[in-house]
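Please open the model in your viewer and keep the sequence panel in sight. We will go from stop to stop, selecting as we go.

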Amino acid sequence: MPPSSDSRDPGILVPQIAQSFRQLPISLIANLANGLILAAVLWGAVPTPVLLSWSGLLIAVTGARFLSLRAFGNASPKSEPDLAVWTTYFVAGACAAGVVWGLSGILLFHPSSFPHQVVLAFVLGGMVAGAVPLLSSVRYAYGASE
C-alpha cells in the first residue's frame with residue numbers, strides 16, 4: 001500500500017494540500033526572519049551587492065508564496081481538479097524557495113572565514129530540517145525544495 005502522500009484518494013489529497021497551505025504562514029515568516037538574520041550576520045563579509053540581490057530574491061519569492069497563500073484561502077478548493085492546480089503552485093513555491101536557499105550556499109559562502117561558513121551551514125541545515133513538516137505531506141514538494 002503506498003504512503004498516504006502518494007494516495008490518489010481525493011479524500012486524503014484535498015486535506016493534505018489544505019494542511020500544507022495552513023502551515024505555510026509560519027514557514028514564510030521563518031524564511032524571511034532566517035534570511036534577514038543571515039544577511040545581517042554576513043554583512044561586511046560578503047559583497048553588499050550580492051547580499052542585497054540574494055535578500056531581494058528571497059523577499060520576492062516569499063512575497064509570491066504569500067500571494068499564492070492568499071489566493072488559496074480565497075479559492076477554498078474542495079475538489080481534486082482544483083487540488084491539482086494548487087498542488088502545482090505549492091510545489092513551485094517550494095522549488096523557488098529551495099533555489100533561493102541553495103543559491104545562498106553558493107553566493108554567500110565566504111571562502112576564507114570559517115565562522116561565516118559554519119553559520120551558513122547551520123542556517124541551511126536548519127532550513128532543510130524545518131521544511132520537513134511542511135513539505136513532506138505533498139508529493140514532490142520536499143524533493144523540489146532540496
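**Stop one: the largest pocket**

Select α4 to begin: this helix gives the lining of the largest pocket its largest share, nine residues. Helices here are DSSP runs of H or I, at least four residues long, and strands are runs of E, at least two long, numbered from the N terminus. You are looking at a predicted model, where local features need pLDDT of at least 70, side-chain atom pairs count only at pLDDT 80 or more, and totals for chains, interfaces and linings use all residues. Residues are numbered from 1 along each chain as its sequence is written, and side-chain values use heavy atoms, leaving out hydrogens and water.

The largest pocket has a volume of about 430 Å³. Now select N31, M127, V128, G130 and A131, which are the closest to its centre among the 23 lining residues. Add α1 (10–42) and α3 to α4 (114–135), and you have the elements that each give two or more residues to this lining. A pocket is an open set of points on a 1 Å grid over the protein atoms alone, where a 1.4 Å probe fits, with protein on both sides within 12 Å along at least five of seven lines; lining residues have an atom within 4 Å of a point. The volume is the space filled by probe spheres set on the points, which are joined across faces, edges and corners.

**Stop two: helix α2**

Select residues 48–75, helix α2. How far apart are its end C-alpha atoms? They are 40 Å apart, which agrees with the 40 Å expected for 28 residues at 1.5 Å a residue (1.5 Å times one less than the number of residues). Its buried residues include W54, R65 and F72; buried means under 20% relative accessible area with a 1.4 Å probe, counting protein chains only.

Pick T62 in this helix. T62 counts as buried, at 7% relative accessibility. Leaving aside residues up to four places away in sequence, T62 touches L28, N31 and L32, where contact means heavy atoms within 4.5 Å. Step on to S76, just after α2, and you will find a positive phi of about 50°.

**Stop three: L83 in α3**

Next, select L83 in helix α3 (residues 80–107). Is L83 buried or exposed? L83 is buried, with a relative accessible area of 6%. Show A18 as well: the two lie 65 residues apart in sequence, yet their C-alpha atoms are 8.9 Å apart in space.

**Last stop: the whole protein**

Zoom out to see five helices and zero strands. Of the 146 residues, 36% count as buried.

Note on methods:
Buried means under 20% relative accessible area, exposed over 50%, partly exposed in between (1.4 Å probe, protein chains only).
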